[in-house]
Amino acid sequence: MVSFAPDEIGLVDQSPCAGIRADLKSCLLKSDCCKKPKDKKTPRECLKDGLVPEECLQLRQSFFECKRSLLDNRRRFRGHKGY
């Protein structure tokens, strides 16, 4: 799994889930579904159809959990799920 910390690549977005979002975006753009010039689907369409690798689906779940942890008051003291 490719991992980019926000400070390593100089992400403009400094939100708690920015690293996972960047990894998910790069994974989706590298998938065959988005690369094929014949189909040329958007990353959202590829996710909806389930035509992405398992790694991207796991990153999507991690991104969801990170965003959910921002709203969960019980997680306030434990910190955010993300990198």
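Ser69 is a good place to step in: this residue is buried, with a relative accessible area of 5%. Ser69 sits in helix H5, and a polar atom of its side chain lies 2.7 Å from the backbone oxygen of Cys66. Cys66 is itself buried, at 0% relative accessibility. Keep in mind as you browse that this is a predicted model.

## The chain as a whole

The protein chain folds into five helices and zero strands, so to speak an α-α-α-α-α run from the N terminus on. Of its 83 residues, 27% count as buried. The accessible surface comes to about 6,200 Å², and carbon and sulfur atoms account for 53% of that area. Taking contacts between residues at least 6 apart in sequence, 47% join residues at least 24 apart.

How confident is the predictor in the protein chain, on average and by residue? The average pLDDT is 80, and 76% of the residues score at least 70. Confidence is highest in H2, at a mean of 91, and lowest in H1, at 53. Where pLDDT is low, the predicted coordinates should not be read in detail. For a modelling set-up, that caution concerns H1, where the mean is 53.

## Three disulfides

The structure holds three disulfides. A disulfide is a covalent bond between the sulfur atoms of two cysteines. Here are the pairs with their sulfur distances and torsions.

| Pair | S to S distance | Torsion about the S-S bond |
|---|---|---|
| Cys17 and Cys66 | 1.9 Å | about -95 degrees |
| Cys27 and Cys56 | 1.9 Å | -95 degrees |
| Cys33 and Cys46 | 2.0 Å | about -85 degrees |

Take Cys17 and Cys66 to begin with. The torsion about their S-S bond is about -95 degrees, so this disulfide is left-handed. Cys17 lies in the loop between helix H1 (6–9) and H2, while Cys66 belongs to helix H5, so the pair ties together parts that are 49 residues apart in sequence. Cys17 is buried, with a relative accessible area of 1%, and Cys66 is buried at 0%.

The link of Cys27 and Cys56 is left-handed too, with -95 degrees about the S-S bond. Cys27 lies in helix H2 and Cys56 in helix H5, so this pair ties together parts that are 29 residues apart in sequence. Both of these cysteines are buried.

For Cys33 and Cys46, the torsion is about -85 degrees, so that disulfide is left-handed as well. The pair links distant parts of the chain, with Cys33 in helix H3 and Cys46 in helix H4, 13 residues apart. Both Cys33 and Cys46 are buried.

What is the pairing when the bonded cysteines are numbered in sequence order? The pattern reads 1-6, 2-5, 3-4.

## A cysteine without a bond

Why does Cys34 not bond to the closest cysteine sulfur? That closest sulfur belongs to Cys46 and is 3.7 Å from the sulfur of Cys34, which is too far for a bond; a disulfide needs sulfur atoms within 2.5 Å. Cys34 counts as buried, at 5% relative accessibility. Cys46, for its part, is joined to Cys33.

## The nonpolar core

The largest nonpolar core has 14 residues, and those touching the most other members are Leu24, Leu28, Cys46, Val52, Cys56 and Phe63. Helix H2 (18–30), helix H3 (32–35), helix H4 (43–49) and helix H5 (54–71) each supply at least two residues of this core. Two of the well-connected members, Cys46 and Cys56, also take part in disulfides, Cys46 with Cys33 and Cys56 with Cys27.

Which residues does Phe63 touch, leaving out those up to four places away in sequence? They are Cys17, Ile20, Arg21 and Leu24. Among them, Cys17 is the disulfide partner of Cys66, and Leu24 is another of the core residues that touch the most other members.

## Beside the Cys17 bond

Pro16 lies in the loop between H1 and H2, the loop that also holds Cys17. Is Pro16 buried or partly exposed? At 34% relative accessibility, Pro16 counts as partly exposed, whereas Cys17 is buried at 1%. The C-alpha atoms of Pro16 and Cys66 are separated by 7.9 Å, although the two residues are 50 apart along the chain.

Methods:
Residues numbered from 1 in each chain as written. Heavy atoms only, no water. Helix = DSSP H or I, 4+ residues; strand = E, 2+ residues; numbered from the N terminus. Buried < 20%, exposed > 50% of the residue type's maximum accessible area, 1.4 Å probe, protein only. Contact = heavy atoms within 4.5 Å. Areas by Shrake-Rupley, 256 points an atom, 1.4 Å probe, with all protein chains shown as cover. Core = buried A, V, L, I, M, F, W, Y, C linked by side-chain atoms within 4.5 Å. pLDDT = per-residue confidence, 0-100. Polar contact = N/O pair within 3.5 Å; in protein donor to acceptor, adjacent residues only side chain to side chain.
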